[in-house]
Amino acid sequence: MKELEYTASELLICLASRLMDDRSTAFIGTGIPMLAASLAQTMHAPDLVPVFEFGGTGAILEKLPLAVGDMRTYNKAVAASGICDIMETAQRGFIEYGFLGGAQIDQFGNLNSTCIGDVMNPVVRLPGSGGGNDVGSLCWRTISIMPHDRRRFVKKLDFLTTPGFLTGPGAREAAGLPRGTGPYRVVTHLGILGFDDDTRRMKLLSVNPGVTVEEVIENTEFELLLADSLETNTGPTEKELRLLREVIDPDGLYR
Amino acid sequence: MNQKATNIPLLFEGEGSLIQPPDLDAFREWNRRKTTALVDKTMRGREAIDRFVSDGDYIGFELYGTVRCPIGLTRALVRSGKRDFRIAGQGVHEADMLLITDRVKEIDFTYIGQEVYGVSSSVRRAVESGTVKNVVEWSNAALSWRFKAAAMGVPFLPTRSILGTDTIRRSAAKVIECPFTGVKLALLPALILDVGFIHVNRADRFGNCQIDGISGFAIEMARASKRLIVSTEEIVEPEEIRRQPDRTAIPYYLVDAVVHHPFGSWPGEMSGMYERDEDHYRMFLEMQNAEGTANEYMDDWVFGMADHDALLTKIGKERLESLRLETVEGGAR
């Protein structure tokens, strides 16, 4: 078979999309999760219920939203309400998956999207939590999507914006976060990671085509756990790429 | 905020300052004095700002930046020269314009960025250089629930978000153990705005407003504002409002001014009416990357315009019409 060429973004979108189950609720943030949800609805999850923080529930994602409140987030949707309704729905336990991004992630899946450097005098001021903290606090299982390098996969975050497992086992519950919630997967351009049930530390589950385990370790500042048997993920298929390029993102915003 | 005697111990206190401490009884008294007379509140944007906005006010905008946002009113506010605002920072384009022109002193921050297009360079310059004096962190739900608390007329709401993070550490929230269940709760203080700005699809001259599509946090913010300036795409007859009273998102007695701003959310989008002006918005993003060109943008598109009508003339009818959903082939709705 001919080798398909694809970009790192396209790979992330396809991997994230395959994690979206049909008939599940997924809290969708700006960017890659939007494309992934759209792709999932076309490929395997027609009854995926995308939930957008400013009120869109159950949209059919025919055109790529550019903002989490734009009209495409409630295109042919089942409901258009408001942010309090959506966040309270998450707080009541209705939302299974939450998709997140960030500038930094640590071994417990905590995320920083607030600043680089000291928050009182930042080197770089980032956009802030937005709904990120709420998604990480209130959804059952969160999935982070980000590029993979040592500046992003760090031992210590400059700022803990969004809760993962905080300081380890039991820490979320001790802080008062809802029982049984927390990080589930981290999707990167090198592979897919999960979390060890006992230590709550990040664990490499599978690598992407052409990526070695050593490469993942080298690009991670903290010590990574490894699954007993590491599989290699399937890269984007011809059908996925065609849908992405021709239907979902014809303007190539995420190429 | 001074800590009153309590039998419930505080388990944690955020170190951020409470930029706008709530006084619910004063809010009740304020609301009692607001008129319920059905009077014509239509006026120009500039008049609304002259009458109802003061230097140093705590202000907020809804929905945000490029989505059903009172950008026309934001331009009028910037042109008015009023300053030293404290803002609820859930923003994009409107926050950028206030930051470029150095009108913001303090921010209750949740998100100021460009979503698909990344960070806001205006926020970066303002916060990294320290022209914004005080930044307190929250999340989107936290800010919305703070409006909801004010809308409910209670001083705080207990919630299960932001616990355990630096976000709560840099906020002004407090944590207690629930007296009923023992669960730890983040208490979010009510946020009462001096002035709220909301853009709607249609309103009558008294201020009864209808919103199409998602309501964002309009319901809560309208009720959490001491003064409320509404801009609207369309002014309709009161009979049209009374024909469908279930559609009234904001009743007139909350509203102080009704400003007729067709394309009032431009270059952002308006639910059911027009799409975002992507070319213009990208041009703004490009120009805001450097202080010089950011100011040039403001000169061209804000200070150089006498009012909203002048702006619409500058954009041009053809351009505006091309953004209407019925014109956009296969529009979102």
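**Close-up views of a predicted two-chain model**

**View 1. Helix on helix in chain A.** In this predicted model, the axes of helix α1 (residues 8–18) of chain A and helix α2 (residues 32–43) of chain A come within 8 Å and cross at roughly 55 degrees. That angle is neither under 35 degrees nor in the 65 to 115 range, so α1(A) and α2(A) count as oblique to each other. The crossing of α1(A) past α2(A) is right-handed. On the α1(A) side, look for S9(A), L12(A), I13(A), C14(A), A16(A) and S17(A); they meet I32(A), P33(A), L35(A), A36(A), L39(A), A40(A) and M43(A) in α2(A). Sorted by class, this contact comes out at 11 nonpolar and 2 polar residues, with no charged ones.

**View 2. Another helix pair, this time in chain B.** Helix α2 (residues 45–52) of chain B packs against helix α3 (residues 71–80) of chain B at an angle of about 60 degrees, and the axes are 9 Å apart. The pair α2(B) and α3(B) is therefore oblique, and its crossing is right-handed. From α2(B), the contact takes G45(B), R46(B), I49(B) and D50(B); from α3(B), it takes G72(B), L73(B), A76(B), L77(B) and S80(B). The split for the contact of α2(B) with α3(B) is 4 nonpolar, 3 polar and 2 charged.

**View 3. A buried strand in chain B.** Zoom in on strand β2 (residues 58–62) of chain B: 5 of its 5 residues are buried, so the rest of the structure largely encloses it. In a regular strand, side chains alternate between the two faces of the sheet. Here Y58(B), G60(B) and E62(B) point one way from β2(B), while I59(B) and F61(B) point the other way, and all are buried. For a partner, β2(B) has strand β3 (residues 85–91) of chain B, paired in the parallel sense over 2 bridges. To find the pairing on screen, start at I59(B), whose bridge partner in β3(B) is I87(B). Then go to E62(B), which is joined to L63(B) by a cis peptide bond with omega at about 0 degrees. L63(B) itself sits in the loop between β2 and α3 of chain B.

**View 4. A four-stranded open sheet in chain B.** The order across this open sheet of 4 strands is β1-β7-β8-β6 (chain B), and the pairing is antiparallel. At the edges are β1 (12–13) and β6 (156–159) of chain B, each of which pairs on one side only. Strand β8 (residues 184–189) of chain B pairs with β6(B) in the antiparallel sense over 4 bridges. A handy landmark is L157(B), with L188(B) as its bridge partner in β8(B).

**View 5. M152(B), in a chain B helix.** Is this residue, M152(B), buried or partly exposed? M152(B) belongs to helix α6 (residues 140–152) of chain B. It has 16 other C-beta atoms within 10 Å, so M152(B) is partly exposed. If you want a long-range reference, try A26(B): it is 126 residues from M152(B) along the chain, and their C-alpha atoms are separated by 14 Å.

**View 6. Backbone oddities in two chain B loops.** Start with the loop between β13 (257–260) and α10 (278–287) of chain B, home to P267(B). A cis peptide bond links W266(B) to P267(B), with omega at about 5 degrees. F263(B) is also in the loop between β13 and α10 of chain B; it isn't a glycine, yet its phi is positive at about 55 degrees. With 22 other C-beta atoms within 10 Å, F263(B) is buried. Now move to the loop between α4 (93–100) and β4 (104–112) of chain B, where D102(B) is placed. D102(B) has a positive phi near 60 degrees, again in a residue other than glycine. Its neighbour count is 13 other C-beta atoms within 10 Å, so D102(B) is partly exposed.

**View 7. Where chain A touches chain B.** Across this interface, 51 residues of chain A are in contact with 50 residues of chain B. On the chain A side, the elements giving two or more residues are α3 (83–91), β9 (121–125), α4 (132–138) and α5 (171–175). By class, the residues on that side of chain A are 25 nonpolar, 19 polar and 7 charged.

Technical notes. Residues numbered from 1 in each chain as written. Chains lettered and ligands numbered in written order. Predicted model: local features only at pLDDT ≥ 70, side-chain atom pairs only at ≥ 80, totals over all residues. Contact = placed C-beta atoms within 7 Å. Nonpolar A, V, L, I, M, F, W, Y, C, P; charged D, E, K, R; others polar. Axes fitted to C-alpha atoms, helices over the stretch in contact; angles between N-to-C directions. Parallel < 35°, antiparallel > 145°, perpendicular 65-115°, else oblique. Left-handed = near helix turned anticlockwise from the far one by under 90°. Buried ≥ 20, exposed ≤ 12 C-beta atoms within 10 Å, placed from the backbone. Pairing = 2+ DSSP bridges.
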